[in-house]
Amino acid sequence: MLKKTKNTGSTVEPFTVASSSGGPTMVGQQIAIEGKIKGTEDLVIEGSVRGSIELEGQHLTVGPKGQVEADILADSVTISGRLVGNITAIDKVTITKDADFNGEIKARRFSVEDGAMLKAVIELERESPIKAVPLGKEADEEEDEKGGTPVTLGQ
Amino acid sequence: MPSAAGGVSLASAPAYHISTILRLFIERLLRRQDPKLLDVGPICAENINLLARQTARLYVCDMFIRIDRERERTGALRSVWRHLDYPDKSFDGILLWDLLDRLDDSDVASLLERCHSILKQGGMLVVFFFGEQGGQESVNSFIIEDEGYRVSTRAQAHLKLPLRRRNARDILDMLSSFRLVKSVICGNGLREFLLQRM
């Protein structure tokens, strides 16, 4: 559940998403939140959130109706709505075909469906470079050659 | 196996080819320190996963879908280039794929001018063309399937961008602001170009 913001003079304490035994906490379509959300249970956003979201070890879903402008830290993130901001995911970021994402993504794993609207800077765990087979000759000079012969599958 | 969606027949159409140009491009890119690469789409999870694990930071800005929506909304592309709002000399490489085949000449010029600005000196550009005879009306993504640079295509049914067929001379004229490093003609008519900003 979400606690209301407590304004204590010059500082505003963050929203706290309390742990519960039920399903994920939902920010509904008619809810708009500005501020910091921090918690230890899964969260689904179908409404509007602006600020920052920190869900240690948990999953964040921005649903198809969700509108989020926030920096996000979570175990994994699924985006089907609109999200502007930077995501740091311990595990995986998933972007569905209906999503509109603009920002940076740092994650261990990443998936995106064809059709998603994406403008992103993506950093994944790096691997050793592709072990390319030498081409056999230097190709610095202009050259026009037949090559890359396609192979037909199926018959 | 590559998808046959969008009218691509596995029996008649080449299912994949080995891309010498992509191999050269990646090899050269990885010689640069912390290379920054821009992929203009269409969004392809396989390529993102491959390329983001090779480069320091992979930039993805799907211009295919933005052009498609802009064309649908306004019938013109006057303002679509604002999405490539990166600082000058940002990138070591740009993957344009066959985007130029989907643009009018004036829009090609606008896009190449933008690419020239945001490439670092010596930065590279990969461009695919189908030429006068080849190509399909449906937009496809080119998927780098493996470390051997086997490239297949997957139809992008959500994109309705008309194919502009051009001859080789016109293509080379359009690319004259870049140095041609290498070009390869594949058996399916696809021409692959590796270009460099001087």
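B:Asn140 stands opposite B:Ala155 in E7 of chain B. Keep in mind that this is a predicted model. The pair belongs to strands E6 and E7 of chain B, with E7 covering residues 150–155, and these two strands pair in the antiparallel sense over five bridges.

Which strands make up the sheet around that pair, and in what order? The sheet is open, has three strands, and runs E1-E7-E6 in chain B with antiparallel pairing. Its edges are strand E1, residues 16–18, and strand E6, residues 140–144, each of which pairs on one side only. Direction ignored, neighbouring strands here are turned by 30° against each other on average.

Next, strand E3 of chain B, residues 57–61. Is this strand mostly covered or mostly open, and how many residues are buried? It is mostly covered, with four of its five residues buried. E3 of chain B has a partner from the other chain: strand E14 of chain A, residues 117–124, runs antiparallel to it and is joined to it by four bridges. In that pairing, A:Lys119 stands opposite B:Cys61. E3 of chain B also pairs within its own chain, in parallel, with strand E2, residues 36–39, again through four bridges. There, B:Lys36 stands opposite B:Arg57. As a general remark, strands of a sheet pair through backbone hydrogen bonds, either parallel or antiparallel.

The connection from E2 to E3 of chain B goes through helix H2, residues 45–52, and the three elements make a right-handed β-α-β unit. The buried residues of this helix are B:Asn47, B:Ile48, B:Leu50, B:Leu51 and B:Ala52. What covers them? The cover includes elements of both chains: strand E13, residues 109–112, and E14 from chain A, and E2, E3 and E6 from chain B. So E6 of chain B, the edge strand from the start, comes back here as part of that cover.Now the other group of strands in chain B. Strand E9, residues 191–196, is mostly covered, with five of its six residues buried. On one pairing, E5 of chain B runs antiparallel to E9 and is joined to it by six bridges. B:Val127 has B:Phe193 as its bridge partner there. On another, strand E8, residues 179–185, pairs with E9 in the antiparallel sense, also over six bridges, and B:Arg179 has B:Gln196 as its bridge partner. E8 and E9 of chain B form a hairpin with five residues between them, and B:Gly189 in the turn has a positive phi of about 90°.

E5 of chain B leads to the core. The largest nonpolar core has 95 residues, and those with the most contacts inside it are B:Leu96, B:Leu125 and B:Val126. Strand E5, residues 119–129 of chain B, gives the most to this core, with seven residues. Which residues does B:Val126 touch, leaving out those up to four places away in sequence? They are B:Ile21, B:Leu22, B:Phe25, B:Leu95, B:Leu96 and B:Leu194. In soluble globular proteins, nonpolar side chains tend to be buried together.

Last, chain A as a whole. It has zero helices and 15 strands. Of its 155 residues, 29% count as buried. Among contacts in chain A with a separation of 6 or more, residues 24 or more positions apart account for 3%.

Note on methods
Residues are numbered from 1 along each chain as its sequence is written. Chains are lettered from A and ligands numbered from 1 in the order in which they are written. This is a predicted model: local features need pLDDT of at least 70, side-chain atom pairs count only at pLDDT 80 or more; totals for chains, interfaces and linings use all residues. A nonpolar core is a set of buried Ala, Val, Leu, Ile, Met, Phe, Trp, Tyr and Cys residues joined through C-beta atoms within 7 Å. A residue is buried if 20 or more other C-beta atoms lie within 10 Å of its own, exposed if 12 or fewer, and partly exposed in between; C-beta atoms are placed from the backbone. Two residues are in contact if their C-beta atoms, placed from the backbone, lie within 7 Å. Two strands pair if DSSP finds at least two bridges between them. Axes are lines fitted to C-alpha atoms, for helices over the stretch in contact, and angles run from 0 to 180 degrees between N-to-C directions. A crossover is right-handed if, with the strands pointing away from the viewer, the path from the first strand over the helix to the second runs clockwise.
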